[in-house]
Amino acid sequence: MTSSSAEQMPEWPAAEHVPAEELARRQGVRPVASVDDLARPGLFESDEELDDFLADLYASRRAGAA
């Protein structure tokens, strides 16, 4: 006996589905106008902390590519 997962999936869009644009409007989210909007001065306490973060980030990316 086989079953299809499509039989168990709700119809799309579901009644409770809210489009992303509507969610953004409700939450007051605005588009990013400039890369500067994403800047967070003081996010890292030191250059060493930033270097450690970047080293870990690069290592995790290389591990995922292997």
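# A tour from Phe53

Start by selecting phenylalanine 53. This residue is partly exposed, with a relative accessible area of 42%. Keep in mind that you are looking at a predicted model.

**The aromatic pair**

Add phenylalanine 44 to the selection. Phenylalanine 44 is also partly exposed, at 28% relative accessible area. Show both rings. How many aromatic pairs does the count give? The count comes to one. That pair is phenylalanine 44 with phenylalanine 53. Two values describe any pair of aromatic rings: the distance of the centres and the angle of the planes. Here the centres are 5.3 Å apart and the planes make an angle of 40°. The pair counts as tilted because its angle falls between the cut-offs of 30 degrees for stacked and 60 for edge-to-face.

**The whole chain**

Now zoom out and switch to a cartoon view. You should find two helices and zero strands. The protein has 66 residues, and 2% of them count as buried. Turn on the surface. About 6,600 Å² is exposed. Carbon and sulfur atoms supply 55% of that area.

**Helix H1**

Select residues 20-27, which make up helix H1. Is this helix largely buried or in the open? Of its eight residues, zero are buried, so helix H1 lies largely in the open. Step on to glycine 28, which follows H1. Check its backbone: phi is positive, near 75°.

**Salt bridges at Glu22**

Go back into the helix and pick glutamate 22. Its relative accessible area is 23%, so glutamate 22 is partly exposed rather than buried, given the cut-off of 20%. Show its side chain, then add arginine 25. The two side chains meet in a salt bridge, at 2.6 Å from N to O. Why can they be set about one helical turn apart? Glutamate 22 and arginine 25 are three residues apart in helix H1. Arginine 25 counts as exposed, at 53% relative accessibility.

Next, add arginine 26. Arginine 26 forms a salt bridge with glutamate 22 as well, with the closest N and O atoms 2.9 Å apart. These partners are four residues apart in helix H1, again a separation of about one helical turn. Arginine 26 counts as exposed, at 54% relative accessibility. Through shared partners, the salt bridges join Glu22, Arg25 and Arg26 into one network. How many salt bridges does a search of the whole structure find? It finds two.

**Helix H2 and the negative patch**

Move to residues 47-65, helix H2. Select aspartate 51, which is found in this helix. Aspartate 51 is partly exposed, with a relative accessible area of 47%. Which residues gather with Asp51 in a patch of negative charge? They are Glu45, Asp47, Glu48, Glu49, Asp52 and Asp56. Colour the surface by charge and look for the patch there.

**Last stop**

Finish with Phe44 and Phe53 shown again beside the patch residues. You can now place the tilted pair, the network of Glu22, Arg25 and Arg26, and the patch of negative charge in one view.

Notes
Residues are numbered from 1 along each chain as its sequence is written. This is a predicted model: local features need pLDDT of at least 70, side-chain atom pairs count only at pLDDT 80 or more; totals for chains, interfaces and linings use all residues. Side-chain values use heavy atoms; hydrogens and water are left out. Patches are made of residues with over 30% relative accessible area and no salt bridge: like charges are joined within 9 Å, nonpolar side chains (Val, Leu, Ile, Met, Phe, Trp, Tyr) within 5 Å. Accessible areas come from the Shrake-Rupley method with a 1.4 Å probe; for residues, only the protein chains shown count as cover. A salt bridge is a side-chain nitrogen of Lys or Arg within 4 Å of a carboxyl oxygen of Asp or Glu. Lys and Arg count as positive and Asp and Glu as negative; His and the chain ends are not counted. The place of a charge is taken as NZ of Lys, CZ of Arg, CG of Asp or CD of Glu. Buried means under 20% relative accessible area, exposed over 50%, partly exposed in between (1.4 Å probe, protein chains only). Rings of Phe, Tyr and Trp (its six-membered ring) pair if their centres lie within 6.5 Å; planes under 30 degrees apart count as stacked, over 60 as edge-to-face and the rest as tilted.
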